[in-house]
Every structure is written in C-alpha cells, then in structure tokens.
Amino acid sequence: MLRKRRRKDKKTDMFDVAFIHERFMDSPDIIQKEVYMDRLHEACFIYVQGLVDKDLVQRDFISPILKMSMEELSDPVCAKNLPCREVTLQHTADEAVNSIIDGNTVFVSKHLPFAISCTLLHAEQRSIEEPATEKNVRGAHDGFIEALSVNISILRQRIKNDKLKFKMLTLGEQTRQKVAIAYLDGIANMDIVNNLFDKVSRIKIDGLGAIGAIEQSIISHPNSLFPQFLATERPDRAVAGLLEGGILLLMEGTPVTLIAPVTFISFFKAMDDYNTQWIHGTFLRMPRMIALFTAVLLPAFYVAVTSYHYYTVPLILLIPLAESRIKGPFPPILEVLILEVTIEAVREAAVRLPTYIGTAISVFAVLIIGQAAVQAGIVSNLLIVIVATTAIALFTIPQTEMSLAIRTLRFGFILAASIFGIVGIAACLGLTIAHLVTMDSLGQPYFQPFIPLSFRDLSDTLFRLPRKNMGWRPLSTKTKNKYRGKGNGRK
Amino acid sequence: MAGNNSITSKQMAIFTFITQTGVGIITLPAVLVKDVGHDGWISVLMTGVVAVLVSTFIMILLRRYRDKNIYDINQFLFGRLIGFVLNCLLILYLLLAAIGGLCIFTKFMRITLNPNTPAWVLAPLIILPSIYLVWNGLKPVCRFLYFTLTAYPVIILYMLLIHNDLQISFILPIGEAGLLSLLTSIKTSFFAFIGLELIVFLYPEIVDPKNAFKWHLFASLISLAFFLMVILFTTTLFGPNLLGIQTLPLFNIFRVYNSPIFERVDLYLVGVWFMAIVSSLGAYIFTAYFSLQKVFGLKKSKPLYILYFVMLILLSQIARDINEAFQVLEIVNYTGIGVSIFLVACLSISFFRKKGVKAQCKTRT
C-alpha cells in the first residue's frame, strides 16, 4: 500500500502528506501542527517534541512561513531563504520522515512539490562532567557526554585544525544511531581508517545498546579476554590518541569513545603520567606493572605453594603459615575461591549501589567478613593479605576493561595452580603470552612494542622517558607522519 | 590468516637458536662427561665447528634453489616417487623429534616438579601454548620466541650470582681425554645442535632470504657460545665426578644458590626455562605439522589438528621412564645426524643434477 502511494506521489509530483501522517500514527511525541496557507491550502508543521527548540522554531521557521504565500514557498530559492540556521528540501515522503526523526522541523503540504526542513535542535542532555571511572589529578576535568554533536564539538575545540575529519555512518536498522569515525588527516593511516569504516558499515543489526556492541562486531578476536579497543570518556585521552595516529569511534547516545589501534601497554597508561615530570610519570606507572603481575600470579602462587611446593616457603614464614592453615577445614583452592568470589561480589555490590552505601559495604566486607573468616578458621591470615593485595592491585589498573580481563584471567591461573602447581602457572603464562602475541588491534600487533620488539617505542611502556625522547608516534598506528615535531616541543 | 607464516631471517635465527638450546642443554653436560670427562667443552667446540660447516652447506643448498624447501628440492634431485618417499622419511624424523622432545620434557617435569601427576596429564599441559600457536602459524610461533629469549639473561644473571663457587682446576689438564675420544664424542654432542636443519623446511617462508645465510650462521655461533658457557660452568661448578652422576645438570645449577628470602630458587628458574623447552618443542611440532600440510596437501582443519596433537601425546607415552626417554632421544640424535648428512649429500648431488637449479637461474635472470 505504501509503495503504491509512493508511486502515486512520483506521478503527481506533489507531496504525499497522508503517507507521513500514516507513518506517524500512534506517535504522541510527534507534533503535527496543521495550518492553512493563504487561508485555503492545507499544510502541516511536523516535529518531535523534546528534540527541537520550540521558541526558535516558532520565531525563525513557523512565523516566516506563515507570512509567505504558497506560490512563494513553491519556489526553492524562496524556501531556502528562510532565516533558519539550516534549511533543506526533501523531495520524497521517506526523506521527510527521516528528517523529522532526526530532530528537524518539517513543513509539508500536498500543494508543494517538496517538504521544507529546518534544523533547530534542542535535546535534553546532561552537562559536561568529569568521567567517574577515569579520574585525573592534574589534567582536564571534562568528559564526553551522550550527545554526539557535543562530543564532536569538544574534539573540535581541542583540535582547531581542518585536518580533524569525521566519517559519519548510521547504524541500526530500527534505531538509526549515528556513528562517527574521527581521525587526523595526514597523521592517521588512511588504510586503517578505511578498513575500520568498511568494518563498521558492514554491521547489520536492529539497534546498538552501547558502543561495546560495535567493538564486539568488528574485533578480530571476539573470544579473547583482552580488550582490543581502548574505551575512554576523556577528551584529552581521545585527542592524545588522535595525535598518535589513532582513530576514534564515537556513537550517539554514549559518552564512551573507542580508540584504535591500541596495544596491550596502552591500557596501563593514564593521562596523569604525561602531566608530571618523566620521573614521576615512571614512578606512577611502575606500581601498575607490578600490580599486573601481583594480580595475576600472587593468588595462584599461594595455591601452588600451599598445595604442592610448600618447601619453597621461607622457614620463618612456614611455621606461622602452617599454624594458620591447620585451623582451616578447606584445601587451599577452596579457601582462595571462597575469598576471591566474596571479593568479586563485594566489588560488584559497591559498583551497583549508591556511593555512600557502596563505601559502607566495602568497609564492612573487608573489615568484618575478613576478620570473622580468619577467626572462624575458614581462611588463613596470609590469604587475607594476599587477596587484599590482589584487590588493591586491580584497582591501580586505569582501564576497566583491562582490569576485568585480569580479574577473569587470575581465576584461570588459580585453577591451573591447584591442579598442576607451578607447572600449571607456567603453562598458563605461556598460553597467555601466546595469545597476546597472536592478537591484533585493527591489524596491528597487540603486544607491540615488546613483541615484535620496537626499541623506539619502549620509551613509553614500563617507564616513561623525558618528552624530548618521545618525539615520534608509535609504530602501532602505522602512521606515515612519524615525528611529532622537532624535540617534541622542547628546544 | 594469509601471510601468517611469513617471517624474517632474524626470526628464523631465533627459531633455530631456541630449538637448539631449549632441550639440548639440559642433559648435555652430564652426557658428555661420561664420554670425555672434563673436556666436554672441547668436544662442544669441535661439534660447533662441524655444526657451522653443516649450516653453511645447508644454506648453499637452499640458495641454489632460492624459494624452494627441501621437499621441492628432493623432487628435483630424486624424481617424484623417490622424492616423495624421502619427504615422508623427513616428516617421520620431525615427528620423532617432536615426540622425543615431549617424551623427555614430560619426564623432566615429573622428576623435578610434579612427581605424582601422570605423564599423560602433564603432556597436554606442556604443549598447551604450542597447540594454540601452531594453529595460528609460523609468525606467532616466532613472536613467542621473543618472549622465550628473556629466559636466557635470567639464567646468565643467575650464573653470575654463583660464579664464586667455580673452580677452574676442574677442567685441567686440558685435552686429557685424547683426540680420538674427543672426535668420537662429536656424535654425542651433535644432539645439542639439532635444530639447525629446520630452516630447510621453512626457507620459502622467509621474506628476506638474502640475509638468511648470515643470520643462520649467527644462530649456530650463538648456540655454540651458549653451550660452551653452560658446559664450562657446570664442569667447573660440580667437577667431572659429581657431574657424571647427575641426570639434569642445568636444573641442578639452579639449586646451588641459597637465597636470603626465597627458599628453593630452582623452582622458579625451572619455571623460567619451561618456556625455552616449550618453544624448542613447539618448533618441531610446528615444522612437522607444516610439513604434513605441504607434502600431503592437507587443508587447515580442526579435526585433523586435534588428531595430530592427540597422536603426539599418545606416542609420547611410549617411554615409561626417563631412561627410555633418553633412548628415544638417542634415536632422534642419530636420525638428526643422518638428516644433516643427507642435506650435505643433497648439495653434492645438486651439482650433478641441476634440474631445479637451472630453472631457478633462468627465472631470476
């Protein structure tokens, strides 16, 4: 029926207003204001309530149109002279419907050969705030928000350069969400940009709940524990990514942007590392690297040592450990799993609950449950220290996705240690490294610059060298513009 | 994963170096001391010279055929039928080396760390990284070797820690074993250098074959240096008498140092060397699998891949104890020597039967 009408619409060369009305049946948020032009011709202003600036629409669009005659409006030149910010003409009913859904106000009449659309958006949005999950001491305190246009403008404010480009896409057959791929022309590798654009545009889905859905659709290792795109809500981090030759993926409706290609070590960097002297930057990064090994290996070592290799425990520690363990009814693996799962539950509770209750829960759990567990003989004192150290170590990792990967990974290590002892740990470590060296992010080796080894890029890995030694962009972005400026800003 | 087998000459050199040193060095000092006493290092030096010569001949052979591996070369030199039979024998050798490596490593692990775990349970665990890597191709296998390389500085640093315990008098008088014994011991110590022949199977995968010659020789020389260092170290540390009654002298070095905080540092060092052994083993496992695909035209399929590893694990259970595992390794050693001689023979024959060589020269010019 709709197709027939469209055909009819083309034949008569007049606009099919009834088709638009039919499309917007049972849509209370769509305002359809009927008017009579020249007191004779029926016409209609259509817009989505809550997406347009009503005052501006009234002043700059509705009033001027009402003062014009139908003959004047039939002339595209006159229509385009309307004093609105952006006026477009739609020649089919489908285009008009899409324009209305995008938040434009559209004027339609069956006596006109086209619809007149004006863009005067005013959607409700939250103010710009510092991201709760990516705190910063010395850096900027703004963050992206859910509105894509605002996020693009934030980037434009920081990079006042016409080389900042955005490739726009619409994803979701039902939701029609806008997605932007941002890059710096001349710095980003265009093969990677086009490759990403192709991958994203091939996504066929009814709707995207979050930007993570895009990530999961395009990554080359969907079954991996490790994140292959770096998610951030921080504009300064996004800009740093662009300047390194990376590409940003932004989506309407989420403050999270994705940076790619990235390497494993990128997830251990924080913006504060670059805001201080290089010695402090290195000093800040070191605990994170130690935390990585602690979080993955410490509980597994406890299980391996207490289950199989007790002879590796120093004699001074062996007696208190034995005394502590003798009270416990559980084998080391159960002991560790009980406490680790409890810690995970506490962490999840603290995240989901309001901040003030979450803090109380954490304190209660750590102090009361931990102490009670030791007194009841369920777990040993040493294990409390180990699990607490592991939990703190995980908090030091700046990226939530990487922290989650390590949290999951450590359970694998614990289980392997409980079955095979230290051989299990070594095998798991081997498998993890094997996986890391096989992975890639947008075709670039994930474990770079360690493997394949790039001495030049090691300057910003486990440590951070002075700025004058970091004057080049990382190899992982495959940029053709390798140098960041002579002396990297230092004379 | 197109191009996932392409590697550089440097990566091939690391591949060769780790294949040679990973397993070979663990038992070499103890085996050699039985043959030549405290002159094991001279034997290794002489074998190293032989290994470098063999490496040179192998590289000359490969250069004559440019982008061909030994399977193609055999077809040129011996015709289709005999070439195919020889190719099958080479694959059998690779499989035998992989099985022998897995066999001995499983027994090592049972002796050192997991005495109560059955070998059939340990074997799959040991090759877990290889199972993952081999499926993904030669490039990931070689990338993993970069990680393995970190084990070497750790071991060298550890050796420096205990250098005060060395007694030079243990290797004196030099050459006491006599020239004849030293010459006959070459066949024993050649086992350590096995791995230098793997390049003949993978040569076409090297993206910069021009550099392959120098890097391959470099790999053999570095292996020689490492073997010399460990042999000299173990001999001057334990002395020939104590060394003679040991099975795993490399792991026994790890037990010498008394750490102020950590008890039993050896456990961690065995863990560190675990990666080197896994990589050495993985190199043979990969080459054997790669060769099966090339010679029999097998496509990449998961059922076949699983079957391949199940077969490896099952066959590695043939040896019931470490002595039988050593017997398997001895067969691998002699077969390895045979393969090396065969490759040198191929070079000689290639001067008379120039079929493939001529064609290559024409296409190049």
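Helices (H or I, at least four residues) and strands (E, at least two) are DSSP runs, numbered from the N terminus. This is a predicted model, in which local features need pLDDT of at least 70, side-chain atom pairs count only at pLDDT 80 or more, and totals for chains, interfaces and linings use all residues. Residues are numbered from 1 along each chain as its sequence is written, chains are lettered from A and ligands numbered from 1 in the order in which they are written, and side-chain values use heavy atoms, with hydrogens and water left out.

**Exercise 1.** Find which residue a cis peptide bond joins to P449(A), and place P449(A) in the chain.

Solution.
- Step 1: Q448(A) is the partner, and omega is about 0 degrees.
- Step 2: P449(A) sits in the segment after β12 (444-445) of chain A.

**Exercise 2.** Give the omega of the peptide bond from I451(A) to P452(A), and locate P452(A).

Solution.
- Step 1: Omega is near -5 degrees, and the bond is cis.
- Step 2: P452(A) lies in the segment after β12 of chain A.
- Step 3: Set this against the background: most peptide bonds are trans.

**Exercise 3.** Is D26(A) buried or exposed? Report its phi and its place too.

Solution.
- Step 1: Phi of D26(A) is near 55 degrees, a positive value in a residue other than glycine.
- Step 2: D26(A) is in the loop between α2 (17-23) and β1 (30-37) of chain A.
- Step 3: D26(A) has 75% relative accessibility, so it counts as exposed. The cut-offs are under 20% relative accessible area for buried, over 50% for exposed, and partly exposed in between (1.4 Å probe, protein chains only).
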